[in-house]
Amino acid sequence: MSAPTPPSVGLAQSPAVLRDGRWWLVGEAGSVPLSDPAFITVLNGFAEALSAADRTVAALRARPDEPSAASVPRTGSRRR
């Protein structure tokens, strides 16, 4: 079961906002509801991808400190 979504969620730094389950384009002059099913499908997919990325980053940050590959000293010879 997924967590309840807030009534209004912005999508990254775009003018697309999900309000009460419906996508809107929001600008200084006002808001316009989206009705194109293909565009809404793309927005839903993008929102899901961003959410998955946010969860992955949060999980990585929650891990105890582990040395990264860049911080581990190299041993042995280099491949040529």
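Over which residues does pLDDT stay under 50? That stretch is residues 1-5, and the model has zero contacts (heavy atoms within 4.5 Å) for them beyond four places in sequence. Here pLDDT is the predictor's confidence in each residue, from 0 to 100. Where pLDDT is low, the predicted coordinates should not be read in detail.

Welcome to this predicted model, in which local features need pLDDT of at least 70, side-chain atom pairs count only at pLDDT 80 or more, and totals for chains, interfaces and linings use all residues. Residues are numbered from 1 along each chain as its sequence is written, and side-chain values use heavy atoms, with hydrogens and water left out.

The average pLDDT of the protein is 82, and 72% of the residues score at least 70. The table shows where confidence is lowest and highest; strands are DSSP runs of E, at least two residues, numbered from the N terminus.

| Confidence | Strand | Mean pLDDT |
|---|---|---|
| Lowest | β1 (residues 8-10) | 75 |
| Highest | β4 (residues 30-33) | 95 |

Now to the sheet. Four strands make an open, antiparallel sheet in the order β1-β2-β3-β4. Its edge strands, β1 and β4, each pair on one side only; two strands pair if DSSP finds at least two bridges between them. Between the antiparallel β1 and β2 there are three bridges, and S8 has R19 in β2 as its bridge partner.

Finally, look at D20, in the loop between β2 (16-19) and β3 (22-27). D20 is not a glycine, yet its phi is positive, about 50 degrees. D20 counts as exposed because its relative accessibility is 67%, where exposed means over 50% relative accessible area, buried under 20% and partly exposed in between (1.4 Å probe, protein chains only).
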